[in-house]
Structure formats: C-alpha cells, structure tokens
Amino acid sequence: MAIFNRKPGFTYCLIITFIVVFCHLAVSKKANSRSLVEDIIDAKELKKLCRTKNNVLILFTKNARQSNELINIFSKAADEIKGQATLASVDCSGEAKKLCKKLKVAPEPHVLKHYKDGEFHKDYDRKYTVQSIVNFLKDPTGDLPWEEDERGKDVLHIPDANTLGKLLQKEKQPIMVMFYAPWCGFCKRMKPEYEAAATELKGHSVMAAMDVNKPENAVIRQHFNITGFPTLLYFEDGQLKHKYDGENNKESIVGFMKNPANQPEKPKEESWADTPSHVQHLTDDTFASTLESESSVLVMFYAPWCGHCKKMKPEYVNAAASLKDKNIPGILAAVDATKEKAVADKFKINGYPTVKYFKNGEPAFDVSFRTADKIVEFMKDPKEPPPPPPPETPWSEEPSNVVHLTEEDFKPFLKRKKHVLIMFYAPWCGHCKKAKPEFQAAAEYFKDDPKVEFAAMDCTAFASVCSAHDVKGYPTLKYFSYYKVEKPYDGGRTESDFVEYMKSAVDGTPLPTPAPPPPPEQWWSELPNGEHVRYLKSETFDDVINAASSSLVMFYAPWCGHCKAMKPAFAEAAAKLKEKNVDCILAAVDATVERSLATKHSIKAFPIVKYFSHGKLIAEYNKGRTVEDIVQFMSNPPVAKEEL
C-alpha cells in the first residue's frame with residue numbers, strides 16, 4: 001500500500017520505466033531472431049556458407065526496406081528452424097550488388113533460393129509464411145504438404161487430436177474426415193477427387209483431412225482402429241456414424257454426403273472358414289474336443305483384416321494339404337480370434353497371426369514359421385524352437401575409443417574438437433555392424449592424438465539430430481571441424497581407409513580423388529542380358545511406365561551389396577520374359593542419381609522393387625530374388641487391391 005501513498009510523480013516514473021524495459025525486451029528478442037539470419041555481401045562469403053552448411057535458404061531482396069514484412073517472417077522462421085537449417089539474406093541494392101549480378105539474380109522485389117550440399121537446389125516455391133518455410137526446410141526434397149496445396153483450400157486440415165476433438169464438439173454440419181499417410185499411393189490418387197468433393201459440398205458439409213502418420217497422431221489411429229489408408233469416417237453431432245466404403249471418386253463421395261444412410265454395401269470377403277481346404281476351423285465350442293481327439297495340432301489364431309494373416313493363409317492351406325497327401329501325423333487348425341473370444345482370451349492372443357503348437361490337448365510352445373515348407377518340416381518332428389538369442393549389447397555400452405553422442409552433447413562436443421569423424425547409424429543396420437569393428441580399430445589407432453576423435457550417433461534414438469544433418473541412410477559418415485566445417489565422408493569402410501582419411505585431415509593434404517562410379521547405363525550394359533533392362537530417368541519414367549501394361553521397376557544404389565547380388569537375376573529374368581513373349585518390361589532406376597524419383601516413390605532403402613500397371617503402382621515386390629521368382633511373378637502379376 002505504501003507505494004500508492006507516494007507522490008504522483010514517483011508512480012509516473014515507475015510506469016515509464018516499465019514501458020521502457022518492456023520495449024527493450026521486445027526489441028531485444030526481435031534483434032536476437034534477426035541475428036540468426038546471416039548477411040551475405042560477396043561470393044566468398046556465399047561459397048563458405050554453402051561449403052560448411054548443407055541446408056541453406058537465402059533471401060535475395062531488391063531493397064531490404066521493400067521486403068521488410070518478408071524479412072520479419074524470415075527471421076521468425078530462422079528462430080523456429082534453428083539448428084536444422086541456415087537462413088541468410090542478400091540485399092542486392094547494397095554491398096551485395098556485384099554478387100547478385102554475378103549470380104544473375106534480379107529480385108522483384110524478392111526471391112528465395114535453396115542450396116543443398118553446397119549446390120543450388122531449387123527456387124523456393126511455397127507460401128511466404130513461417131510454417132511453410134519451416135516445413136520446407138525440414139524436408140526440402142519432399143512433396144508439398146497437402147495443407148499448403150492451393151488446390152486443397154476447401155479441405156479442412158486437422159493437425160492433432162485436440163483440434164479434432166474441438167471440431168467434433170462444436171461443428172453442427174456433417175463432417176467427413178479422410179485419415180491418410182503422405183506416402184500412401186491410394187491417398188495421393190484420391191486427393192484431387194476429395195478436393196473436388198470438398199469444393200462442391202462447401203456450405204453443406206465439412207470435408208476434413210488428417211495425417212495420422214505423424215507420431216503425435218498415433219492415438220487417433222488406435223482410437224478409431226485405422227489399419228489402412230485412406231480411411232474415411234463420417235460424423236454427425238460429434239458422433240461417428242459411418243465408415244465410407246464407396247468408390248474413391250468425387251461423385252460417389254458427394255452422393256454419400258448428401259444421403260449417408262443410403263451407402264451401397266461393399267461386397268463382403270468370403271470367410272476363410274467357408275473356403276474348402278484341409279485346415280480345420282475351430283470355434284469356442286469345438287476347440288477343446290478337437291484338441292482332446294488329436295495328439296499333434298498346430299493352431300493359427302488370426303484376424304480377417306490382418307495383412308500378415310492374409311499373406312500366411314495360402315502357405316498354411318498348402319501345408320495342410322501336404323500333411324494329408326504325405327500322411328504326416330497331426331492337423332493344422334485355425335481360429336478367428338475376433339469371433340471366438342473365449343478361446344482367444346484363454347490363450348492371451350494379443351497379436352496376429354499367433355501360431356501355437358498343442359501336444360495331447362495342452363499348449364506346448366509358440367512357433368514362428370510362416371511358409372508351407374517350414375510348417376510341413378516342423379510337423380514331421382515337432383520340437384520346440386531354440387530360444388531367441390539374447391539382445392545385443394548397445395554399441396554405446398561396448399568398451400572402445402569411439403565417443404557416443406546424444407542430442408544434448410552433440411554440438412558442444414563438436415565445437416571443441418578439431419577433427420572428428422562421425423558414424424550416424426542404426427542398431428539393426430547390417431552395413432553399420434560390418435563397419436563398426438573397422439571404425440573402432442581406427443579410433444584405437446588415434447587414441448593418443450588429442451586432435452582426432454571418432455564418434456557415433458544412434459539415429460533411432462536421436463532422429464532429430466540425424467535429420468538436421470541430412471542423414472538419409474545408414475551408415476552415413478561425416479567429417480566435422482569445430483562444427484564450422486561439415487563434409488560427407490565418401491571413402492571406404494576399412495580401418496586403413498578411416499586412418500588415411502583422418503591423417504590427411506590432420507596434415508592438411510588432399511586425399512586422392514576416388515574413381516567415379518560408372519554411369520547408370522553402364523552398370524547394366526556390362527552385364528549379360530543387361531540390355532533387356534530399361535534404364536529410366538526422371539524425364540522418361542512416367543512416359544515409359546504409363547505406356548506399359550505391366551512393369552517391374554528396381555530402385556537401386558550402385559554401391560549396395562544386395563543390389564549387386566540381385567542384378568544378374570533381374571537381367572536374366574528380363575531376357576526370359578522376352579523369350580516367353582510376356583507383355584511386360586523390367587526397368588531400373590539409380591536412386592542415387594534420380595533423386596526426385598526416389599523421393600516421389602518413397603525409396604529409403606535398396607533395392608526396392610515396385611510393380612506398376614498402366615502407370616499405377618499396384619504393389620511392392622516382396623517375393624524371392626531368383627530368376628524363377630521374378631519370371632513367375634511377372635507371368636501372373638497382382639491386380640490392384642486396397643492398400644494397407
């Protein structure tokens with residue numbers, strides 16, 4: 001109370017002081033955000049920036065004052081994406097005039113250009129908003145997010161579960177929500193139809209979409225039991241009323257939204273129990289009596305919607321037939337665990353398929369066989385499989401001279417060290433495991449040299465750091481110097497390769513330039529029958545695949561061991577299919593060269609083989625990699641089916 005009894009002049013001074021401090025803090029925050037944007041004035045600075053940073057977005061302005069609003073947005077984006085990308089600005093009216101002229105950049109009044117791995121990548125072509133810039137820099141080679149696509153302006157995009165809950169609670173109009181994943185081919189093909197339906201239904205219904213591939217939206221997938229994409233659900237008054245099972249086109253969607261109660265029934269899949277086979281289908285009522293009468297029974301607990309169960313079913317049916325034909329004792333049985341709840345609960349069935357072996361009516365053990373030959377072999381002499389090997393000791397817990405980094409100490413450690421070679425790895429990666437002892441041996445070689453360090457980072461545990469440093473595959477090796485210099489390591493993966501590289505870094509002597517890999521066409525043409533494989537590029541891919549009624553495409557990397565192993569069989573299969581006059585083509589794409597195709601088709605490992613029909617992706621090839629497997633597959637290829 002004493003403060004209010006003082007003279008008015010004192011109170012006035014306090015108020016003025018508060019305003020000054022508040023304004024200073026606001027200006028200080030703005031200045032800090034602006035300081036994250038680097039100012040470039042000459043070619044030397046630009047070259048250094050692009051050499052040391054691998055994800056750079058540069059704002060070129062005709063005059064900084066004319067672009068003040070965008071500069072503010074740019075500064076906020078720099079603060080948001082800090083540590084994952086670098087933002088810089090060039091004022092073409094000032095000292096950087098010569099640089100703009102040299103680069104032939106004439107902003108009217110501004111232009112944004114992206115540089116990746118030291119090279120110009122592309123002009124920024126998205127909205128001038130903080131979120132759009134941040135989204136772009138997180139994945140500069142990725143597709144435009146649906147929520148930023150102007151063609152989808154009439155679709156309401158739901159970012160998270162909280163927003164969905166508020167929408168269902170407050171919205172009075174009928175709501176359709178399309179739950180999708182960005183990588184899903186069927187979702188991509190449905191998007192324009194859904195957008196057109198949203199435009200036509202504007203004012204009548206709310207047509208919404210939600211990316212449930214995001215980790216934070218996993219709770220939504222679980223809540224609504226979403227097992228395939230796209231899944232379309234219809235809500236009224238906040239309640240789920242129907243699952244949309246109609247055609248994936250505008251007319252069907254609009255018709256459904258105007259009369260949701262009159263949805264045409266989707267043809268029901270025939271029950272496995274109604275399909276003739278030698279598999280005995282058991283129920284809650286028949287389970288106990290059947291097992292009492294048979295001394296050797298293998299039981300597959302399944303769910304009708306389960307993709308792995310569908311894949312295993314023909315193998316299981318064939319195995320049952322083989323037991324009958326060869327008079328092998330025992331029977332194969334199946335239980336629909338979604339219907340026969342009592343039996344499923346009794347044996348604690350929590351996943352599908354679960355396969356259990358019963359001896360004299362009692363559960364003996366679980367088995368993991370999924371193919372007919374393995375099942376038949378097992379039933380000849382049922383024995384409990386050996387226990388799984390003990391879990392591997394994490395690399396970070398193994399004694400070595402390799403420093404294992406975390407998200408917290410990654411940058412501080414690198415800022416203190418002059419020469420560091422880092423292996424970004426995944427614990428399950430075979431190539432990483434092979435390189436690990438060589439990497440450790442090289443670290444041992446330099447253990448007494450304080451200037452040199454060998455470090456490792458587990459990208460399954462610290463994904464954000466790996467993403468920020470453009471780690472796309474495992475292992476990825478990079479050289480750092482005081483965190484200012486970052487270079488990709490492209491050498492061999494033996495101890496001597498690592499040692500020679502780091503010796504060269506310490507001495508400042510350039511390493512001999514490795515011989516460039518052969519061009520992609522040569523990679524195939526030097527192989528017997530390689531001429532029968534069509535090599536595709538970004539500019540020819542769509543034309544060739546759209547024109548072919550049946551095509552199998554192998555996405556590969558020249559350095560990939562599995563690709564090299566598969567290559568001869570793929571080429572020979574192409575030749576045999578031609579001999580048999582099978583109307584198809586076998587094609588190949590070097591995903592390390594045709595990066596836009598690799599991104600478009602979500603290629604994140606090698607080799608990936610995909611089957612197309614008349615330009616449409618039908619399935620990913622997951623059969624064997626022998627000549628016979630490939631020829632058999634292409635002689636009787638799959639047809640389009642629902643994507644899971």
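**Entry 1: the whole chain**

I began with the secondary structure and counted 22 helices and 25 strands in the chain. I keep in mind throughout that this is a predicted model. Taken along the principal axes, the C-alpha atoms fill a box of roughly 100 × 70 × 60 Å. I then looked up burial, and found that buried residues make up 42% of the 644 residues in the chain. For the contacts with a separation of 6 or more, I noted that 71% come from residues 24 or more positions apart.

**Entry 2: domains**

I looked up how the chain is divided, and the assignment lists domain 1 (38–142), domain 2 (147–258), domain 3 (273–380), domain 4 (395–507) and domain 5 (520–635). I checked one pair of these, and the C-alpha centres of domain 2 and domain 5 lie 35 Å apart.

**Entry 3: a sheet of five strands**

I followed an open sheet formed by 5 strands, which stand in the order 1-3-2-4-5 with mixed pairing. Strand 1 (37–39) and strand 5 (119–123) each have a single partner strand and stand at the edges, so one side of each is left without a neighbour in the sheet. From one strand to the next, the twist averages 30°.

Within this sheet I looked at strand 2 (residues 55–61) and strand 4 (residues 110–116), which pair in the antiparallel sense over 7 bridges. To have a position to look for in the view, I noted that Leu57 stands opposite His114 in strand 4.

Next I asked which strands helix 3 (residues 68–80) touches where it packs on the sheet. I found strand 1, strand 2, strand 3 (86–91) and strand 4, and the direction of helix 3 makes about 165° with that of strand 2. Helix 5 (residues 130–138) packs on the sheet as well, touching strand 2, strand 3, strand 4 and strand 5, and its direction makes about 140° with that of strand 2.

**Entry 4: strand 7**

Is strand 7 (residues 175–180) enclosed or open to the outside? I found that 6 of its 6 residues are buried, so strand 7 is largely enclosed by the rest of the structure. In a regular strand the side chains alternate between the two faces of the sheet. I therefore looked at each face in turn, and both are covered, with Ile175, Val177 and Phe179 buried on one side and Met176, Met178 and Tyr180 buried on the other.

I then looked up a partner, and strand 7 pairs with strand 8 (residues 206–211) in the parallel sense over 6 bridges. In this pairing, Met176 stands opposite Met207 in strand 8.

**Entry 5: helix 17**

I turned to helix 17 (residues 495–507), which has 13 residues and reaches 18 Å from its first C-alpha to its last, close to the 18 Å expected at 1.5 Å a residue. Its buried residues are Phe498, Val499, Tyr501, Met502 and Ser504. I asked what these buried residues pack against, and the elements I found are strand 17 (419–425), helix 15 (430–445), strand 18 (452–458), strand 19 (476–481) and strand 20 (485–488). After the helix comes Gly508, whose phi is positive, near 80°.

**Entry 6: salt bridges**

Side chains of opposite charge can pair when their charged atoms come close. I counted 19 salt bridges in the structure, and looked up some of them by residue.

Lys380 forms a salt bridge with Glu377, with the closest N and O atoms 3.7 Å apart. Both residues lie in helix 13 (residues 372–380), 3 residues apart, which is about one turn of the helix. Lys380 has 47% relative accessibility and counts as partly exposed.

Lys436 forms a salt bridge with Glu398, and here the closest N and O atoms are 3.1 Å apart. Because Lys436 lies in helix 15 and Glu398 in the loop between helix 13 and strand 16 (403–404), the pair ties together parts that are 38 residues apart in sequence. I also checked burial for this pair: Lys436 counts as buried at 17% relative accessibility, whereas Glu398 counts as partly exposed at 25%.

The side chains of Glu444 and Lys447 also meet in a salt bridge, at 3.0 Å from N to O. Glu444 is partly exposed at 38% relative accessibility, and Lys447 is partly exposed with a relative accessible area of 48%.

Technical notes: Residues are numbered from 1 along each chain as its sequence is written. Side-chain values use heavy atoms; hydrogens and water are left out. Helices (H or I, at least four residues) and strands (E, at least two) are DSSP runs, numbered from the N terminus. The expected span of a helix is 1.5 Å times one less than its number of residues. Buried means under 20% relative accessible area, exposed over 50%, partly exposed in between (1.4 Å probe, protein chains only). Contact means heavy atoms within 4.5 Å. Domain bounds come from an automatic or database domain assignment. Two strands pair if DSSP finds at least two bridges between them. Axes are lines fitted to C-alpha atoms, for helices over the stretch in contact, and angles run from 0 to 180 degrees between N-to-C directions. A salt bridge is a side-chain nitrogen of Lys or Arg within 4 Å of a carboxyl oxygen of Asp or Glu.
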